[in-house]
Amino acid sequence: MPLSPALVPPRFPRRLKAMLLDYSVILGWMAVLALATLLLWLLTGKVHNWLELGVTGAQALGFLVLVAPVGIYLYATESFSAQATWGKAKLGLKVVDAATGGKPSKAQVLLRTAIKLLPWEIAHFAVWHIVARVSSGQPAFNRRLMAVTLLADALPFAYVASVAFQRDRRGPHDLAAGTQVVDARVN
């Protein structure tokens, strides 16, 4: 069954390039955080140990300063008029409701964003637990932590493979949210 013109998925290399452009935005935010950390160290002479907050507190702080701003960027850009992050817009792509080809609901974009960021949170969970174990003199890994770390490493590859090999180029975040990334230039 041919796709309607409004639902023409982009070729994989274009979708991948859009993702890499968006990661440059994310890396820019991470550079701002690194600079802020450096400035705090220069001003106070102290590097703050987030583990003083406990593993859960450190992970929550990491979420607030890194993941939440990235999530807000993804949600805001894909749920409002452009329906696209900077990378997608630059390459003429947009996010649509897969059933109608129209603008996705805010709930769809929120779910899409949460699932897209899930591998990050799993990785942060693993990292904070590894750091806590090592700082308390324990071996870095136990079986459960190794499984969580492997899951965190495998999920991004599964997400990209899903987009690469599915005819409609939908990743797990699109499938769960009922969204699709389409070529906005085809009408």
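Is arginine 169 buried or exposed? At 18% relative accessibility, arginine 169 counts as buried, because the cut-off for that label is under 20%. Please keep in mind while reading that this is a predicted model. Let us start with the overall layout and then come back to this arginine and its surroundings.

The chain contains 6 helices and 2 strands. If you follow the sequence from start to end, the elements come in the pattern α-α-α-β-α-α-α-β. The C-alpha trace spans about 60 × 40 × 30 Å along its principal axes. The chain has 187 residues, of which 40% count as buried. Take the contacts in the chain with a separation of 6 or more: residues 24 or more positions apart account for 69% of them.

Now back to arginine 169. You will find arginine 169 in the loop between helix 5 and helix 6, the latter covering 172–177. Its phi is near 60 degrees, a positive value in a residue other than glycine. One residue in contact with arginine 169 is alanine 164, whose list of contacts, leaving aside neighbours within four places in sequence, consists of Phe12 and Arg169. Alanine 164 belongs to helix 5 and is buried, with a relative accessible area of 17%. It also shows how the chain folds back on itself in space: alanine 164 and arginine 15 are 149 residues apart along the chain, yet their C-alpha atoms are separated by 8.8 Å.

Helix 5 covers residues 143–165, and arginine 144 has its place there too. In contrast to alanine 164, which is buried, arginine 144 counts as exposed at 69% relative accessibility. From arginine 144 to alanine 76 there are 68 residues in sequence and 35 Å in space, taken C-alpha to C-alpha.

A second positive phi is waiting in another loop. Glutamine 83 sits between helix 2 and helix 3, and its phi is near 55 degrees, again in a residue other than glycine. Glutamine 83 is buried, with a relative accessible area of 8%.

Moving on from that loop, we reach helix 3, residues 86–90, which holds lysine 88. Why does lysine 88 count as buried? Its relative accessibility is 5%, and buried means under 20%. A side-chain partner is there for it: the side chain of lysine 88 makes a polar contact with that of glutamate 78, at 2.8 Å. Setting aside neighbours within four places in sequence, lysine 88 is in contact with Ala18, Asp22, Glu78, Leu93, Val95, Arg112, Lys116 and Val181.

Asp22, one of those contacts of lysine 88, leads us to the packing of two helices. Helix 1 and helix 2, the latter made of residues 54–79, pack at an angle of about 145 degrees with their axes 11 Å apart. Their crossing is right-handed. From helix 1, the contact draws on Asp22, Val25, Ile26, Trp29, Met30 and Leu33, while helix 2 brings Val65, Leu66, Pro69, Val70 and Tyr73. Sorted by type, these residues come to 10 nonpolar, no polar and 1 charged.

Last come the aromatic rings. A pair of rings is described by the distance of the centres and the angle of the planes. The structure holds 3 aromatic pairs. One of them joins tyrosine 23 and tryptophan 120, with 6.4 Å from centre to centre and 45 degrees between the planes, which makes it tilted. This pair links distant parts of the chain: tyrosine 23 is in helix 1 (residues 12–44), tryptophan 120 is in helix 4 (residues 106–135), and the two are 97 residues apart. Tyrosine 23 is partly exposed, with a relative accessible area of 35%, whereas tryptophan 120 counts as buried at 16% relative accessibility.

Another pair is formed by tyrosine 75 and phenylalanine 80. Their ring centres are 6.5 Å apart and their planes stand at 75 degrees, so the pair is edge-to-face. Both rings belong to partly exposed residues: tyrosine 75 has a relative accessible area of 22%, and phenylalanine 80 has 43%.

Methods:
Residues are numbered from 1 along each chain as its sequence is written. This is a predicted model: local features need pLDDT of at least 70, side-chain atom pairs count only at pLDDT 80 or more; totals for chains, interfaces and linings use all residues. Side-chain values use heavy atoms; hydrogens and water are left out. Helices (H or I, at least four residues) and strands (E, at least two) are DSSP runs, numbered from the N terminus. Buried means under 20% relative accessible area, exposed over 50%, partly exposed in between (1.4 Å probe, protein chains only). A polar contact is a pair of N or O atoms within 3.5 Å; within protein, one must be able to donate a hydrogen and the other to accept it, and residues adjacent in sequence count only if both atoms are side-chain atoms. Contact means heavy atoms within 4.5 Å. Rings of Phe, Tyr and Trp (its six-membered ring) pair if their centres lie within 6.5 Å; planes under 30 degrees apart count as stacked, over 60 as edge-to-face and the rest as tilted. Axes are lines fitted to C-alpha atoms, for helices over the stretch in contact, and angles run from 0 to 180 degrees between N-to-C directions. A crossing is left-handed if the near helix is turned anticlockwise from the far one by less than a right angle, and right-handed if clockwise. Ala, Val, Leu, Ile, Met, Phe, Trp, Tyr, Cys and Pro count as nonpolar, Asp, Glu, Lys and Arg as charged, and the others, Gly among them, as polar.
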